[in-house]
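User: Please choose one position in this model and take a close look at it, then follow the helices outward from there. I am in my first year, so explain each term when it comes up.

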Amino acid sequence: MAKIKKVKNVHIPKPSFKEWFIENALIVVIILMVIYTAYSANNFLSFNNLKNILANVSVRFIIALGISGPLIIRGTDLSAGRIVGITAVVSAVFLQRADASSGVLYPSIAGSPIVIALLAALGVGLLFGFINGMVISRLNVPPFIATLGTQIAIYGLNMMVSKNAPIGSLNQAYTRFGAQGFKFGQLQIPYLTIIAIAAGIFMLILYRHTIYGKQMYAIGGNEIAAEVSGVNTKRSKLLIYCLAGLMYALAGFLLTAKTGSAAVSAGTGYELEAIAAATIGGVSTSGGVGTVPGVLIGVLVFELLKTCLQFLGITPEMTNVFQGLVIVVAVALDIRKTMRKK
């Protein structure tokens, strides 16, 4: 018998501290900013501010969960913010009080039960997710172009549905739900956070322990290889965009509960924040990589950035500048990380 030669262990060099620092520069900088803001700004380390951060993170985490699927399969979804917006308006239309003194937008459906409003919002989100999925998977339209088109169309539809008017005077039980939470002494955990945690656990199980997740990562890693191995890539893409639409709808429903009103501008720019947050959290724009805990970290980091800028007295105009720079840097660092691995 021929002797089997022993193969020596291949030494894989660990990334240097410099490489680690560059790849995590955004997180490090924002942590330092949080420390500086906590030291210099009054009320930053307060229970009320913590409650507001948790509520904001909860809604945006659900949006980022939705957009993570398209990103993992090397796609994108520029319609996310507009789907959040139109589902926020749909929720408000159904839950506007029938006896509102300011005028009811649609008297025939105003005063509907909360469950009906939720189902209506989820139905609208699922519809637009299905349209995105069909255009991308069946017509082979690039995700950027497909979702850009639906983004513009949904905004027009939202203008018609809302009649370009803010919608207030909503069901009080619904708005109380959006504003309140479980109290632990002076600390209040918003109900929205509990729903976001449940959504995160659901997506964690879906991504790690189901065929859905395995096929999603396979498509993101190498779509042709996944197809050859038996993955129905068209169906998988359709399901991914449908689930994304449902997550945006849930976020829109919760957003209206949180703000107590809705308008056509709801959700504007949320898709860019979600993409940036997901990228900061390790969801690669090159596909095949991303985790639910990473998405949560990215959303938390991005929200802390905005909160710090607000407490430091930065103007809204400059805040937008900083957010835009963060988006560009996050994607640039992701591309650098991908190239280094190759």
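Analyst: Helices here are DSSP runs of H or I with at least four residues, strands are runs of E with at least two, and both are numbered from the N terminus. The model is predicted, so local features need a pLDDT of at least 70 and side-chain atom pairs count only at pLDDT 80 or more, while totals for chains, interfaces and linings use all residues. Residues are numbered from 1 along each chain as its sequence is written, and side-chain values use heavy atoms, with hydrogens and water left out.

The position I choose is Thr 256, which has its place in helix H11, residues 233–259. Thr 256 counts as buried because its relative accessibility is 1%, where buried means under 20% relative accessible area, exposed means over 50%, and partly exposed lies in between (1.4 Å probe, protein chains only). If neighbours within four places in sequence are left aside, Thr 256 is in contact (heavy atoms within 4.5 Å) with Ala 88, Ser 91, Ala 92, Leu 170, Tyr 174, Ser 261 and Ala 262.

Some of these partners lead to helix H4, which covers residues 80–95. In H4, 16 of the 16 residues are buried, so this helix is largely enclosed by the rest of the structure. Its length can also be checked, the expected span being 1.5 Å times one less than the number of residues: for the 16 residues of H4 that gives 22 Å, and the end C-alpha atoms are 23 Å apart, which agrees.

An unreviewed UniProt entry lists several "transmembrane region" stretches, among them residues 21–41, 80–98 and 238–257; its positions are given in the numbering used here, feature names are shortened, and annotations may be inferred rather than shown by experiment. In the model, residues 238–257 are 100% helix and 0% strand, with end C-alpha atoms 29 Å apart. Residues 21–41 are 90% helix and 0% strand, and there the end C-alpha atoms are 27 Å apart.

Within helix H2 lies Val 29, which counts as partly exposed because its relative accessibility is 45%. The C-alpha atom of Val 29 is separated by 9.5 Å from that of Leu 305, although the two residues are 276 residues apart along the chain. In the loop between H2 (25–40) and H3 (47–72) is Asn 43, which has a positive phi of about 70° although it is not a glycine, and which is exposed, with a relative accessible area of 58%.

We can now turn to pairs of helices. The axes, which are lines fitted to C-alpha atoms over the stretch in contact, make angles from 0 to 180 degrees between N-to-C directions. For H3 and H13 (residues 292–311), the axes come within 9 Å and cross at roughly 135°, which makes H3 oblique to H13. Residues including Asn 49, Arg 60 and Ser 68 of H3 and Val 292, Glu 303 and Phe 311 of H13 make this contact.

The axes of H5 (residues 114–137) and H6 (residues 143–162) also come within 9 Å, crossing at roughly 150°, and these helices are therefore roughly antiparallel. The cut-offs are under 35 degrees for roughly parallel, over 145 for roughly antiparallel, 65 to 115 for roughly perpendicular, and oblique for the rest. Among the residues that make the contact between H5 and H6 are Phe 128 and Asn 132 of H5 and Pro 143 and Thr 150 of H6.
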